[in-house]
Amino acid sequence: MFDNLSDRLQKIFAGLTGKGRLSEADVDVAMREIRMALLEADVNFKVVKEFVARVKERAVGSDVMNSLTPGQQVIKIVLDEMVHLLGDTNSKLALSGRIPNVLMLVGLQGSGKTTATAKLAYLMRKQGRRPLMVACDVHRPAAIDQLEALGREMDIPVYRGEGTDPVAIAKQGVRAAIDSLRDLVIVDTAGRLHVDEEMMDEAAAIRDVVKPDQILMVVDAMTGQDAVNVAAAFAEKVNFDGVIMSKMDGDARGGAALSIRQVTGKPIKFISAGEKPEAFEPFHPDRMAKRILGMGDVVSLIEKAQEAAADAPMDEKTAQRLGKGDFTLDDFLSQISQVRKMGGLGGVLKSLPGAGKLKDLESQVDEKELDRTEAIIRSMTLKERANPKVMNGTRRERVARGAGVHVSDVNRLLKQFAETRKMMKQLKTMQGKGKKHMRMPGGFPGF
Ligand SMILES: Nc1nc2c(ncn2[C@@H]2O[C@H](COP(=O)(O)OP(=O)(O)OP(=O)(O)O)[C@@H](O)[C@H]2O)c(=O)[nH]1
Ligand SMILES: [Mg+2]
């Protein structure tokens, strides 16, 4: 699911993070692309418009953090706003203390109500509840058999009642739950192809007799915008408390999931993604946003970078020195410890977009190299670290002995350092001549 949207967003982000610096024009281009990607994913037009406006406002006005590149900063803002779009907090089911609690599922025909009734019962039983499912879909006799079959499979009882009055069946169902010491009733209702008066009235009548703790609207994620319109109609007529997004395993473009909260004001509470009873889980906006951004753990990397920066804020003098492209082996050392705080090189690499697709990433990353580099720098005196030019043959041998490495390792590090420093200086000179850009944080090439 969301594959297309994820791919598009990842490409946009790759363009951003690939740049050392971002101009306002870069941000504009990225915003336009994000807007297109969301519209093509069938996200509601108004929702997209507001989303892009908020991201842009924050991206342009934000204070750039030392440890984040401007590209990462924009991604972080997009993530925050996407979490907001999806509903901010985890939407736990609020159940009262009464026994039995009653949940009622509504939705269009084929949206996945009966399947979700069974999966929800299964999940609640895992949480220690004793559910009874009540089959109130009298319009399609096969629907009751379907629920019974699911109940047998999971070993959860189903109440099917007598007659053809769904309101009476619902009422008897709650009674049956009390008699058989069940503490949770889940009512499956009938769907229609379109929202119509009769269907709404029936749902409202069932609601009025069973007084559910929560009415959950089942929405087929694959139907996109239509689903959102249907939900809006339900919200007005029957009202409901939350949404179960079904068929998230299909090729849902994401439009329904991303729009429904903003359009109806109702949170997504569960997502259903497959035929198996286990394929049903509480909805976490933050996890979903990260999944949509398709960035592995890049987000947690950004969060760690923020923490690391908060731990070791750069002092003004260092910032100025680095701003001139002038840095020492001690700076190198502190950069290494930042990388370590972020889970080492392997952690950093694995978190980068697309890195998940690389095989044997682990073996390509030499964590030991970091250890060696750190040991070498620590074996040098402060004077040597500040001015590596004094490192003659004897000093190099002494440092190699101290760090437990070969002299060739010391030579390589010093050479690498000299090159990096030269490159930094060149970069800074070029920057000085270039036009004015958004401020960007320092950061060493090679890390
Ligand atoms: N792949 C997939 N299929 C699902 C999911 N949920 C439901 N389905 C399928 O969608 C079809 C309709 O599901 P039902 O649970 O019968 O839908 P309903 O809303 O009860 O339908 P009516 O009772 O006719 O209104 C069935 O074939 C289900 O197997 C899901 O999360 N993923
Ligand atoms: Mg059904």
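This briefing covers helix α7, the residue Gln 225 and the largest cavity of the structure. The model is predicted. Helix α7 runs from residue 166 to residue 179, Gln 225 belongs to helix α9, and the largest cavity is one of two cavities of 30 Å³ or more.

**Helix α7**

- The end C-alpha atoms of α7 are 20 Å apart, which agrees with the 20 Å expected for its 14 residues at 1.5 Å a residue.
- At the N-terminal end, Asp 165 acts as a cap, with a side-chain oxygen 3.0 Å from the backbone nitrogen of Val 167.
- Val 167 is itself among the buried residues of α7, which also include Pro 166, Ile 169, Ala 170 and Gly 173.
- The buried residues of this helix pack against the strands β1, β2, β3 and β4 and against helix α8.
- Leu 181, which follows α7, has a positive phi, near 55°.

**Gln 225**

- Gln 225 lies in α9, which comprises residues 225-237.
- Because its relative accessible area is 18%, under the 20% cut-off, Gln 225 counts as buried.
- A polar atom of the Gln 225 side chain lies 2.7 Å from the backbone oxygen of Asp 42.
- Leaving aside neighbours within four places in sequence, Gln 225 contacts Asp 42, Val 43, Asn 44, Gly 255 and Ser 259.

**Largest cavity**

- The volume of the largest cavity is about 60 Å³.
- Its lining includes Val 106, Thr 189, Arg 192, Glu 202 and Phe 234.
- Helix α8 supplies the largest share of this lining, four residues.
- Six of the lining residues are nonpolar, two are polar and two are charged.

Note on methods
Residues numbered from 1 in each chain as written. Chains lettered and ligands numbered in written order. Predicted model: local features only at pLDDT ≥ 70, side-chain atom pairs only at ≥ 80, totals over all residues. Heavy atoms only, no water. Helix = DSSP H or I, 4+ residues; strand = E, 2+ residues; numbered from the N terminus. Buried < 20%, exposed > 50% of the residue type's maximum accessible area, 1.4 Å probe, protein only. Polar contact = N/O pair within 3.5 Å; in protein donor to acceptor, adjacent residues only side chain to side chain. Contact = heavy atoms within 4.5 Å. Expected span 1.5 Å × (residues − 1). 1 Å grid on protein atoms, 1.4 Å probe; cavity = no way out; pocket = protein on both sides within 12 Å on 5 of 7 lines; lining within 4 Å. Points joined across faces, edges and corners; volume = space filled by probe spheres on them. Nonpolar A, V, L, I, M, F, W, Y, C, P; charged D, E, K, R; others polar.
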